[in-house]
Amino acid sequence: MASAKVSDQLDPFYKALLTFRINKIDECHEICSKILERNPLDQAAWSLKLACFTEEVFVDELENDEAGLADTYMDDNVIATAARPGTSFARPITTGKGPSPAVRPRSSTGRPISGMARPESRLKTGTMEQALRTSRTSRTARAASSSTARQVRLGTASMVAQQDGPFVNLGRLNVEKYAGDSQVNRYLFEYVFMHEGDMRMAHQIAAVATKTADYKDWYWKNALGKTYYRLGMIRESEKQFLSSLKNTKMVETYAYLSKVYARLDQPISALDHLNAGLEVFPNDVTLLTFSARIHENLGDLDASVTMYKHVLRQAAGNVEAIACMGTHFFYSDQPEVALKYYRRILQMGVNKPELLMNIGLCCFYCQQFDLALGCVDQALTAATDDVSADLWYNAAHIMLANCNTKMAQRCLRLALAANPDHAESLCNLGVLKMHEGNNYQAKNLFTSATIKGPNLFETHYNLALLCSHMGFYAEALRSVKQSLALFPEHVQSKQLLSNLMIQFTQP
Amino acid sequence: MGLDDEGPKRWIRLIFEANTNLHTSKANVTTANITGDGEFKLIVADQSPAGCRIKLFKGLTLVGDTFLSDPPVGIVTFRSEDAMVPCVAVAVGGSLLIYRNMRPYYRCNLEPMDQLNEEVELWKGIQEKQIDAEQLFTGLNHLRLRHGLQRLSFITQKYLTLTPKERPNAITTLLSDKAKIILTNVTVTYVTTMTRRVGTGETSDIIVISTEQGIYWVDSAAFTIMAQHKVTEGTPMKIMASGYFEEEHRLLIALREGDICLLKRVGDGRISTNVMGLRTHVVAFCRTNTMLVIACRNHSLIFCNHKGKKLTEKNVGETIVDVDNFEYEPRVYKGALVALKNRIDLYFDTLVVDSLKFDLSISWIRYGPCGREMNSLIIGHDDTSIGIYAFRRAGIIDEAAASKPAKPSLAKLNIPKKTKTFVDQCYYERENLGRMFSSYQRDMYMLRFHVTRAFAELTTTQSGVLPTKEADKMDISLDLHGFGPFFRISLKINCADTMPDVSRWFAFAYDKSEYKCEKELIPVTKLVSRTTSTYSNGIQCLHPEKGLQSDVKVYLLASDRRSPFWTTTFEMPVSEAGSD
């Protein structure tokens with residue numbers, strides 16, 4: 001009671017600040033509204049309320065990098081159309097530094113699967129036509145352009161939050177006045193940028209504020225850079241960030257620059273800027289992480305792993321780094337080491353089904369059988385819709401390892417019920433059907449798997465093998481060629497191709 | 001002829017002279033800075049039928065020429081104490097001819113090793129007319145029976161093989177020749193040199209000569225025999241010396257009978273020999289910094305350490321012509337050159353790191369300084385052509401790349417080291433076997449139960465999400481295309497088997513306030529096995545500006561069932577705003 005009284009005696013604005021500080025945003029909202037009811041012109045309360053709105057939808061802009069189809073395939077910023085391997089995200093390193101797709105599966109972007117689910121990267125897989133032909137349900141579809149993906153959802157969030165009209169009527173806002181006011185403009189900008197997602201207005205505010213600050217404030221230059229980036233004006237944003245660096249060297253700016261160059265498909269420049277940043281801010285985790293990601297995307301997994309190790313030396317609790325290390329060790333045949341990493345994530349309080357499944361799989365493959373299936377079972381119980389297909393798919397693997405093909409089929413069926421577009425499951429189910437002798441069914445499954453997952457070489461190869469058994473040599477040849485296009489070193493595909501060529505040579 | 005053009009060029013051809021008409025062998029070729037101008041010249045003892053000569057070449061141009069009375073066996077150059085430039089020694093018959101500045105200087109005759117005194121006495125007796133021809137013959141014949149023909153001198157050997165008619169004539173010609181009768185049975189088989197002592201001081205070399213009977217060590221200053229050793233293991237054919245004469249040194253002796261004898265001599269004269277027991281004839285050998293490389297007639301290369309212990313053997317599958325030591329100091333390359341019929345392989349340790357191909361068949365090779373080039377390879381071909389090649393300064397030999405075994409079956413699998421965790425886990429597993437097994441079985445049971453229950457839930461709700469028995473024969477795939485607000489659903493049905501003849505429809509269920517379909521129901525044609533039929537339906541997002549998404553269900557209904565035959569659910573993507 002006493003404390004309640006004390007808090008009542010506090011100055012309402014001070015109390016609002018306090019609640020904001022301890023992250024009780026809803027309370028802060030209420031108090032600010034009350035202050036504003038009494039005095040609608042209280043700029044401090046107004047700014048704080050704006051900050052509350054921003055806080056609710058805050059997304060780290062650095063991590064927010066979703067590239068839509070249009071951005072990827074109709075990119076007018078790309079310089080070289082046939083870049084040398086290792087100098088472009090579209091042409092990862094080919095010198096066999098990365099593990100073969102037979103060992104480490106590839107993600108739908110055609111890269112070795114990573115330990116961390118990140119926003120869609122920008123690798124072009126195949127042609128635009130191929131991308132358009134892929135089924136575009138919400139799970140598989142990439143947004144058409146970057147202005148749709150998350151931004152739309154943010155916009156909707158603002159609509160839900162303010163049923164009685166938006167808090168700030170941007171249309172009637174005196175931009176010149178507020179943007180020039182250094183007390184208010186940051187909150188206003190962040191509100192417009194994060195909450196409203198109105199890039200044109202945000203740009204206007206940032207431009208005015210930059211001018212007011214005599215073109216000397218790095219924050220406003222970065223703000224301008226961010227809005228340009230969002231608007232797709234990459235070159236302009238590059239200029240702003242570079243100019244911001246001249247004012248003040250900030251970690252964030254280096255990271256944004258790397259992002260800008262990554263978007264321009266110049267990974268080497270991106271790495272250069274990150275290294276420059278690391279010279280100024282040695283051992284900075286953000287810069288190291290960005291560097292590790294770029295290395296990973298370039299297919300230079302060794303360098304990426306070194307970077308992540310570096311990150312872990314600085315911040316032992318970096319989940320992304322731990323997860324990536326775990327994946328690395330799992331696919332380099334050391335599941336017992338990977339297990340340690342995953343267990344560490346678990347100890348840090350992350351309790352997600354996919355993590356449990358990873359632990360289960362690691363246990364299973366390093367013969368820690370007493371824990372393995374328990375974890376798997378727990379993962380399946382805690383499964384959420386977005387991952388359940390993958391979880392069932394992994395359960396099928398465990399069933400297969402126990403020679404229980406019937407159960408494996410059921411698991412795969414369950415995976416497909418959760419996500420009808422799960423190409424890996426389709427492929428494996430096809431293999432099981434093939435072993436049962438249901439060739440036509442298997443063929444259908446493989447065919448749909450090739451459509452749903454054009455990135456998997458396995459489906460093409462399986463289809464080719466089955467077709468060659470069934471005597472459809474032309475189809476087999478087509479498929480095996482596709483398999484070799486995805487994985488040129490695949491020995492079995494090569495053998496099959498040479499066997500098939502015999503059928504097509506004139507005697 | 002010429003180098004193989006594949007890969008980076010490591011060798012460059014300096015000079016090539018076709019048909020030099022030099023009849024020579026490896027033993028009769030050497031290079032030396034003989035004129036003292038710093039240029040290594042090629043010295044060749046030519047055995048051409050027209051007449052034996054020693055020829056001096058600058059490059060491959062003849063600059064000097066000396067007559068040779070007998071066919072040469074070997075030629076060496078050696079450093080003598082008082083001479084500024086190396087001298088040339090040519091082994092001929094049973095003696096060594098020394099040349100200085102390409103002029104004859106001295107003839108060093110080798111004393112037979114164990115001449116029979118009786119034989120000398122007998123010949124002396126007939127010279128001094130103390131005995132007659134008949135007595136000589138009987139005496140010599142007696143010696144032959146006791147010691148064997150090989151032990152006797154050539155003159156005796158010849159005399160004993162004459163018919164009784166020819167003998168008196170032979171005696172008269174022998175005695176009429178005023179010269180002393182040389183009773184020798186020495187035939188030089190090979191000649192080489194070695195250093196006297198440690199340090200590169202101005203000391204004269206030791207010439208090591210192998211003869212049919214044994215080995216002679218000859219001092220090159222006074223031309224006296226420093227030591228001699230009778231090889232009882234066989235007939236020395238080729239020798240190679242290593243070490244220092246006044247200290248310990250080794251001789252590798254190839255025997256004509258087909259084996260190798262390793263002779264070790266300590267400075268004080270103690271000698272120990274060791275036969276390797278190859279059971280094959282030796283073609284050539286060389287000594288690299290790490291090992292001895294011995295080429296055998298059975299196409300195999302034997303690699304031994306310097307003490308003669310066999311390390312490994314490699315069968316090259318074709319005739320080995322010659323081997324020579326390869327050394328390239330600027331890059332610290334050390335290895336052996338192995339000449340085959342039309343190819344020269346460069347071995348580092350036991351790996352082939354480089355290969356040169358030639359059109360002409362190779363007769364001999366010699367690696368060493370030539371001209372001003374310190375790393376040249378002189379190749380003699382069977383048709384008497386000679387080529388001089390140099391190792392390029394830019395020539396890089398990637399040992400790592402070469403060490404990759406050619407056969408994939410030999411490739412080592414990348415098996416990660418067993419981590420400590422793994423080992424601990426193994427111990428744990430061994431100790432808690434029963435407990436682990438029981439908990440695994442229990443969990444396995446639970447997992448199977450879980451799967452079965454989940455599966456049963458799906459099947460019993462008859463939602464059709466899981467294919468029914470009949471639908472199992474069909475494969476239906478659904479694709480959604482477009483960016484919005486207009487999308488297109490395409491459905492493909494493929495039957496593996498004949499289906500009962502009933503009417504079927506595709507039905508669509510969705511949020512009517514958000515989406516609008518072109519057709520609510522699509523009739524399906526009769527399903528024929530192994531044919532694909534495609535259906536398509538348009539779907540429009542009514543309020544793309546809201547950015548909402550919701551599920552759409554597609555059913556396949558059949559007239560003979562109440563529950564759907566097949567069902568799928570998918571979530572529509574966020575729609576783009578319309579273009580209008």
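Today I will talk through how some helices pack in this predicted model and how its two chains, A and B, meet.

Before the details, please keep in mind that, because this is a predicted model, local features need pLDDT of at least 70 and side-chain atom pairs count only at pLDDT 80 or more, while totals for chains, interfaces and linings use all residues. Residues are numbered from 1 along each chain as its sequence is written, chains are lettered from A and ligands numbered from 1 in the order in which they are written, and side-chain values use heavy atoms, with hydrogens and water left out.

Let me begin with chain A, where helices are DSSP runs of H or I with at least four residues, numbered from the N terminus. Helix 13 (residues 251–263) of chain A packs against helix 15 (residues 285–297) of chain A at an angle of about 15°, and their axes are 9 Å apart; axes here are lines fitted to C-alpha atoms over the stretch in contact, and angles run from 0 to 180 degrees between N-to-C directions. That makes helix 13 of chain A roughly parallel to helix 15 of chain A, a term kept for angles under 35 degrees, with those over 145 counted as roughly antiparallel, 65 to 115 as roughly perpendicular and the rest as oblique. On the helix 13 side of chain A, Val251(A), Tyr254(A), Ala255(A), Ser258(A) and Lys259(A) meet Thr286(A), Leu287(A), Phe290(A) and Ile294(A) of helix 15 of chain A, where contact means heavy atoms within 4.5 Å.

Helix 15 of chain A also holds Arg293(A), which pairs with Glu320(A) in helix 17 (residues 319–331) of chain A, so the two tie together parts that are 27 residues apart in sequence. The pair is a salt bridge with its closest N and O atoms 2.8 Å apart, the term meaning a side-chain nitrogen of Lys or Arg within 4 Å of a carboxyl oxygen of Asp or Glu. Over all chains, a search of the whole structure finds 26 salt bridges.

Now compare another pair: the axes of helix 21 (residues 385–401) of chain A and helix 22 (residues 405–418) of chain A come within 8 Å and cross at roughly 170°. Helix 21 of chain A and helix 22 of chain A are therefore roughly antiparallel to each other. The contact includes Trp392(A) and Met399(A) of helix 21 of chain A, along with Cys411(A) and Leu412(A) of helix 22 of chain A.

Finally, how many residues of chain B are in contact with chain A? There are 50 from chain B, in contact with 54 of chain A, and the two chains bury about 4500 Å² between them, 61% of it on carbon and sulfur atoms; buried area is the accessible area (1.4 Å probe) that two parts lose on being put together, summed over both. Between chain B and chain A the count is 1 salt bridge, and the side chains of Asp479(B) and Lys452(A) meet in a salt bridge at 3.8 Å, N to O.
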